Amino acid sequence: MSAAYWEAFFDLHRDLPREGPGEPADVAWAADVAGVRPDARICDAACGPGADIAALLAAAPQGHVTAMDKVEAFVAQAQARHGQDPRTDIRTGDMSKITGPYDLIWCAGAVYFLGVTEALRLWRKALAPQGTIAFSQPCWFTDTPSEAARAGWADYPAMTDEAGLQAHITKAGYHCLASRRLSDAAWEGYYSPLDARIAKLRPGATGDLAAVLDEAEAEAALWRAERATFGYTLCVVRPA
Ligand SMILES: C[S@@+](CC[C@H](N)C(=O)[O-])C[C@H]1O[C@@H](n2cnc3c(N)ncnc32)[C@H](O)[C@@H]1O
C-alpha cells in the first residue's frame, strides 16, 4: 500500500474508540472464566487505541495492564485515554516478543496476524503458572459461506470454522476453558462510529480516501447482511 493510502486509512480511523469488534462484557466474561485475581498482571496484546484497557483494569483493580501495539498513532491514543493511570504501561511494541510473566494475555482481533497456533506457542513462555490467554478470532459459522463473504475475507484464507479454531488451540498444546461468539452490540461498537466517520469524510472524498471509505462501507455492509455466517469467536485457553 502507498503512503497516500495509509494516510487516507488513518484519516478514517484516527481517534475511533476501537479498531475491531468487542465490548466490555467480553472482557468481564473472559476474566471470570479465567479466574483473574484482583492483583493480576495483564497484557493487552495489540491494544489498538486502548478500547479494552478500562475493562481489563476493572477486572483486576489492584493489578497492572501492559498494553502494546505496533502502530504509534494507536498507542498515543491509548496513552491519552489511560496513560495517567499508574496501573498501566502503554507502549509501542511487537506482540510476538512479549515476555511476561502475565496472568492473562488478552488479544482482541489480532491473533490472526501471527496465526492462532503460532501465537499460542509464542506466548506460552510469557504466561505465569496457571496463566490464561483470551483472544477473539474471525470464524466461519457455516460450511457454505456466500461468494460475497468469501470475497470479503479473501485476504485471510486461513480462516476456519469453530471446530478448526479448536483444532489450532489443541495443536498449540492448550485446552479451551470456554468460548462464545461476539454479540451484535460488540460489532456495532466498532461499525457505528466508523459509519459516522465515513459520513463525515464522504463529501468531496476522492482518490485513496474514497477507496478507503468504500472498503470500510462494504466491510460493514457485508457483516450486517451475512452476520449469521461469520463473526468473531472469543476463546479462553490455558496450556494443557
Ligand atoms: C483489528 S485491530 C484490534 C485492535 C484492538 N485490540 C481493538 O480491539 O480495538 C488489530 C491491531 O493489531 C495490531 N497489530 C498487528 N500486528 C501486531 C504486532 N505484531 N504487534 C503489535 N500490534 C500488532 C494493529 O496495529 C492493530 O491495532
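Here are four short exercises on the ligand site, the spaces and two backbone details of a predicted model.

Residues are numbered from 1 along each chain as its sequence is written. Local features need pLDDT of at least 70 and side-chain atom pairs count only at pLDDT 80 or more, while totals for chains, interfaces and linings use all residues, and side-chain values use heavy atoms, with hydrogens and water left out.

**Exercise 1. The ligand and its neighbours**

Task: Find which residues come nearest to the ligand, and trace its polar contacts with Arg-18, Asp-94 and Met-95.

Solution:
- Step 1. Start with the shell of 18 residues around the ligand, where Arg-18, Glu-19, Ala-46, Asp-69 and Met-95 come nearest (a residue is near if one of its heavy atoms lies within 4 Å of the molecule).
- Step 2. Sort that shell by class: nine residues are nonpolar, four polar and five charged. Here Ala, Val, Leu, Ile, Met, Phe, Trp, Tyr, Cys and Pro count as nonpolar, Asp, Glu, Lys and Arg as charged, and the others, Gly among them, as polar.
- Step 3. Look for polar contacts (pairs of N or O atoms within 3.5 Å). A side-chain N or O atom of Arg-18 is 2.9 Å from a ligand oxygen. A ligand nitrogen is 3.1 Å from a side-chain N or O atom of Asp-94, and a ligand nitrogen is 2.9 Å from a polar backbone atom of Met-95.
- Step 4. Check the burial: the ligand alone exposes 590 Å², and the protein buries 92% of that (Shrake-Rupley method, 1.4 Å probe).

**Exercise 2. The largest pocket**

Task: Describe the lining of the largest pocket by residue and by element.

Solution:
- Step 1. A pocket is an open set of points on a 1 Å grid over the protein atoms alone, with protein on both sides within 12 Å along at least five of seven lines; lining residues have an atom within 4 Å of a point.
- Step 2. The largest pocket holds about 1,700 Å³ of space. Among its 50 lining residues, Phe-9, Glu-19, Tyr-112, Phe-113 and Glu-219 are the closest to its centre.
- Step 3. By element, H9 gives the largest share of the lining, seven residues.
- Step 4. By class, the lining has 34 nonpolar, six polar and 10 charged residues.

**Exercise 3. The cavity**

Task: How many cavities of 30 Å³ or more does the structure hold?

Solution:
- Step 1. A cavity is a set of grid points where a 1.4 Å probe fits but cannot get out.
- Step 2. The structure holds one of 30 Å³ or more, and the largest cavity has a volume of about 40 Å³.
- Step 3. Its lining includes Arg-18, Asp-52, Trp-106 and Leu-234.

**Exercise 4. Two backbone details**

Task: Where do Pro-101 and Asp-15 lie?

Solution:
- Step 1. Pro-101 is in the loop between strand S3 (88–92) and strand S4 (102–107), and a cis peptide bond with omega of about 10 degrees joins Gly-100 to Pro-101.
- Step 2. Asp-15 is in the loop between H1 and helix H2 (24–34). Although not a glycine, Asp-15 has a positive phi of about 65 degrees.

Note on methods. Polar contact = N/O pair within 3.5 Å; in protein donor to acceptor, adjacent residues only side chain to side chain. Points joined across faces, edges and corners; volume = space filled by probe spheres on them. Helix = DSSP H or I, 4+ residues; strand = E, 2+ residues; numbered from the N terminus.
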